[in-house]
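Biologist: Could you walk me through this one while I have it open? I'd like to start with the charged pairs and then move on to the strands.
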Amino acid sequence: MDWPVSVALAQSVPELPTGTDWSYEVKLDGHRMIMWRTGDGVRLQARSGRDVTAVWGDLALAGHHLPAGTVLDGEAVITTEDGRISFEAAQARAASSPARAHRLAAQRPAHYIAFDALQLPPPNGDIRARPYSERRAALLNLLAELPANTPIQAVSATTDRDTALTWYSTLHHQGIEGIVAKRTTTPYRAGRTGTSWLKIRHGDTIEATVAGYTGTARQPRALAIRLPDGRIALSQRLTTALATRIAPRLVPQSGRAYTQGGDAYTPVSGEVVVEVVAGTTRHAVVTVVRLR
């Protein structure tokens with residue numbers, strides 16, 4: 001497996017899928033990280049592909065207990081004194097110089113919550129083509145061999161949807177951002193995973209106006225939404241049902257407009273109001289949940 005590896009990304013949905021072939025994992029509010037245990041050390045890779053070993057040295061040290069040839073996908077998290085997972089603390093660590101990161105690690109050590117195994121020691125090698133259920137079993141077997149006080153742990157997961165919904169509704173105050181549903185029969189696919197990885201996440205539901213759309217007027221792909229602070233952000237990809245409902249309300253104007261992130265969209269006239277979940281606005285993305 002070549003460095004850097006492209007990571008799998010979950011698609012936002014308004015509710016968890018049902019069925020017997022799903023596993024549900026808690027979604028933690030930290031920093032996505034690939035942990036590489038090489039023959040001569042440990043390297044840590046951010047989602048972007050950058051080498052971030054220097055600022056997560058405590059996790060790199062813990063990774064030396066893994067057998068050489070292991071590659072894991074997971075989340076680096078930091079907890080506060082009251083046990084709550086803090087995105088702000090993880091963000092501060094990630095943005096630090098190596099010297100400051102070392103001081104922060106002494107104050108608040110990080111944990112690495114692994115949710116997938118991409119490669120196992122020889123003779124196994126790359127296991128991304130195997131189904132999730134096999135990769136999950138391999139991950140648990142691997143981590144069971146680590147010292148008892150290791151900061152490397154497996155993410156909590158269940159195949160019971162009701163349990164997952166209970167986690168979603170009761171653990172938000174602990175820093176649980178949402179739930180990721182993974183189809184147990186599918187391989188690990190880089191990029192947006194279509195319907196094999198789906199996520200619901202907490203956020204504040206607000207009303208917002210539609211400023212435009214991407215795609216065509218007959219079949220809009222995403223909406224450009226004007227948030228309360230004036231920014232224009234693109235929604236996630238619309239479902240076919242919602243696109244069909246909203247298309248008749250869109251009156252396109254000539255020309256192109258752009259979000260603050262540089263994404264082009266076709267502006268519309270009139271006022272179309274939607275309800276959105278704004279929990280992901282730090283990434284300038286919102287999830288449309290329904291028309292008003």
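Biologist: Is Asp58 buried, exposed or partly exposed?
Modeller: In this predicted model, Asp58 is partly exposed, with a relative accessible area of 21%, which puts the residue above the 20% under which a residue counts as buried.

Biologist: And which side chain does Asp58 meet in a salt bridge?
Modeller: That is Arg93, with an N to O distance of 3.0 Å. The pair links distant parts of the chain, since Arg93 lies in helix α2 and Asp58 in helix α1, 35 residues apart. Arg93 itself is buried, at a relative accessible area of 1%.

Biologist: How many salt bridges does the structure hold?
Modeller: There are ten, among them the one between Asp73 and Arg32, at 2.7 Å from N to O. Asp73 belongs to strand β6 and Arg32 to strand β4, so this pair ties together parts that are 41 residues apart in sequence. Asp73 is buried, with a relative accessible area of 0%, and Arg32 is buried as well, at 17%.

Biologist: What about Lys27, which residues is it linked with?
Modeller: Lys27 joins Glu177 and Arg201 in a network of salt bridges.

Biologist: Switching to strands, how many residues of β3 are buried?
Modeller: Seven of the seven, residues 22-28, so the strand is largely enclosed by the rest of the structure.

Biologist: Which strand pairs with β3 over seven bridges?
Modeller: That is β11, residues 176-183, and the pairing is antiparallel, with Trp22 standing opposite Arg183. Strand β10 is also antiparallel to β3, joined by two bridges, and there Thr158 is the bridge partner of Tyr24.

Technical notes. Residues are numbered from 1 along each chain as its sequence is written. This is a predicted model: local features need pLDDT of at least 70, side-chain atom pairs count only at pLDDT 80 or more; totals for chains, interfaces and linings use all residues. Side-chain values use heavy atoms; hydrogens and water are left out. Buried means under 20% relative accessible area, exposed over 50%, partly exposed in between (1.4 Å probe, protein chains only). Helices (H or I, at least four residues) and strands (E, at least two) are DSSP runs, numbered from the N terminus. Two strands pair if DSSP finds at least two bridges between them. A salt bridge is a side-chain nitrogen of Lys or Arg within 4 Å of a carboxyl oxygen of Asp or Glu.
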